[in-house]
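Here's a quick walk through a single-chain model, from one residue outward to the whole fold. Have the viewer open as you read.

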Amino acid sequence: MHRAIISIVLKLLLVISTTIGLILCFTSSGFMGGKLLLLYFTVQSNIWIALFDLVMAIMYINAIRGGKYILNSRMYLLQLIFTVSITLTGFVYCFVLAPAFIAMDTYNFNPFSLSQVLVHIVTPLLAIIDFIGFTRGREFNKKESVLAVIPPLYYLAFSVLGYYLNWDFGGGQNYPYFFLNFDSPAGLFGLGGQAPYFMGSAYWIAIITVFVLLISLGYIKIINRRINKLPNKI
């Protein structure tokens with residue numbers, strides 16, 4: 001039971017982190033700010049995990065009241081998918097976007113402002129800690145790892161649509177992130193250009209897809225191993 005309670009607390013903290021972070025982003029200007037907020041994978045993945053965690057926390061509370069500690073197995077599958085997505089958000093920001101912003105220094109943008117830290121670091125960490133440390137509804141099938149690719153592929157289609165319809169993702173740019181700029185010096189399949197365009201978008205997409213699959217498989221392995229070791233309670 002204590003695991004379920006800790007999980008509830010972590011989920012509610014995540015909801016708070018996401019809410020404050022998105023409000024701060026909405027009231028700011030520049031990259032990923034103002035009315036353009038919903039166009040970014042960061043924001044969409046934050047909303048997915050926050051809404052899901054809020055619903056799951058409520059379901060956990062109702063389950064505990066009924067003397068149960070495990071929810072419908074589909075909820076845990078959704079948690080895997082959304083946790084992988086928010087992990088992708090945190091990883092890409094910390095190791096790709098933030099360094100690129102610092103190197104280019106052209107956006108008048110602080111990559112480590114409170115809003116950015118909340119949505120890119122705090123929320124992902126809370127989601128990962130909750131899922132790996134305190135969630136154990138059921139074992140996962142390795143084949144289910146492929147489902148984690150759905151949100152990133154959806155967003156790829158979303159950004160391609162915006163690119164061809166010439167949406168303004170901010171600053172007059174028709175792409176959300178530099179690695180989805182199909183008109184960059186590297187284009188789709190180019191290599192060896194000047195940073196950050198040292199390789200084409202197709203390679204970035206392939207690398208991100210493989211990364212998502214590896215993270216999903218890694219989470220599944222950790223969860224399954226822990227379930228097999230723990231007693232049949234949360």
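Is I5 buried, partly exposed or exposed?

## Starting at I5

I5 comes out as partly exposed, because its relative accessible area is 41% and the partly exposed class runs between 20% and 50%. Keep in mind that this is a predicted model. I5 sits in helix α1. Its C-alpha is 8.8 Å from that of I64, even though 59 residues separate I5 and I64 along the chain.

## The overall fold

Zoom out and you'll find six helices and zero strands, so the pattern along the sequence reads α-α-α-α-α-α. The chain is as compact as a globular protein of its length, because its radius of gyration is 19 Å, close to the 17 Å that the globule rule gives for 234 residues. If you want a box for it, the C-alpha atoms fill roughly 60 × 35 × 30 Å along the principal axes.

Looking at contacts with a sequence separation of 6 or more, 70% of them link residues 24 or more positions apart. As for burial, 51% of the 234 residues count as buried.

## Surface and charge

The accessible surface adds up to about 11500 Å², and carbon and sulfur atoms own 69% of that. On the charge side, there are 15 positive and 7 negative side chains, with the centres of the two sets 19 Å apart.

## Helix α4 and its kink

Helix α4 covers residues 114–134 and bends by about 30° at V122. A proline, P124, follows within four residues of that bend.

Plenty of α4 is worth clicking through: its buried residues include L118, V119, L126 and F131, and also S115, Q116, H120, T123 and D130. P124 and A127 are on the buried list too. What covers these buried residues includes α1 (2–26), α2 (41–65), α3 (73–104) and α6 (201–229).

## T135, just past α4

Where does T135 sit? It's in the loop between α4 and α5, the latter being residues 150–164. T135 counts as buried because its relative accessibility is 2%, with the cut-off set at under 20%.

Which residues does T135 touch, leaving aside its neighbours within four places in sequence? The contacts are S7, K11, Y76, Q79, D130, I223 and R226. One of those partners, D130, is also among the buried residues of α4. Another, R226, is 91 residues away from T135 in sequence, yet their C-alpha atoms are 9.7 Å apart in space.

Terms used. Residues numbered from 1 in each chain as written. Predicted model: local features only at pLDDT ≥ 70, side-chain atom pairs only at ≥ 80, totals over all residues. Heavy atoms only, no water. Helix = DSSP H or I, 4+ residues; strand = E, 2+ residues; numbered from the N terminus. Rg over C-alpha atoms; globule rule 2.2 N^0.38 Å. Buried < 20%, exposed > 50% of the residue type's maximum accessible area, 1.4 Å probe, protein only. Contact = heavy atoms within 4.5 Å. Areas by Shrake-Rupley, 256 points an atom, 1.4 Å probe, with all protein chains shown as cover. Lys, Arg positive; Asp, Glu negative; His and termini not counted. Charge placed at Lys NZ, Arg CZ, Asp CG, Glu CD. Bend = angle between axes of the 7 residues up to and from the residue.
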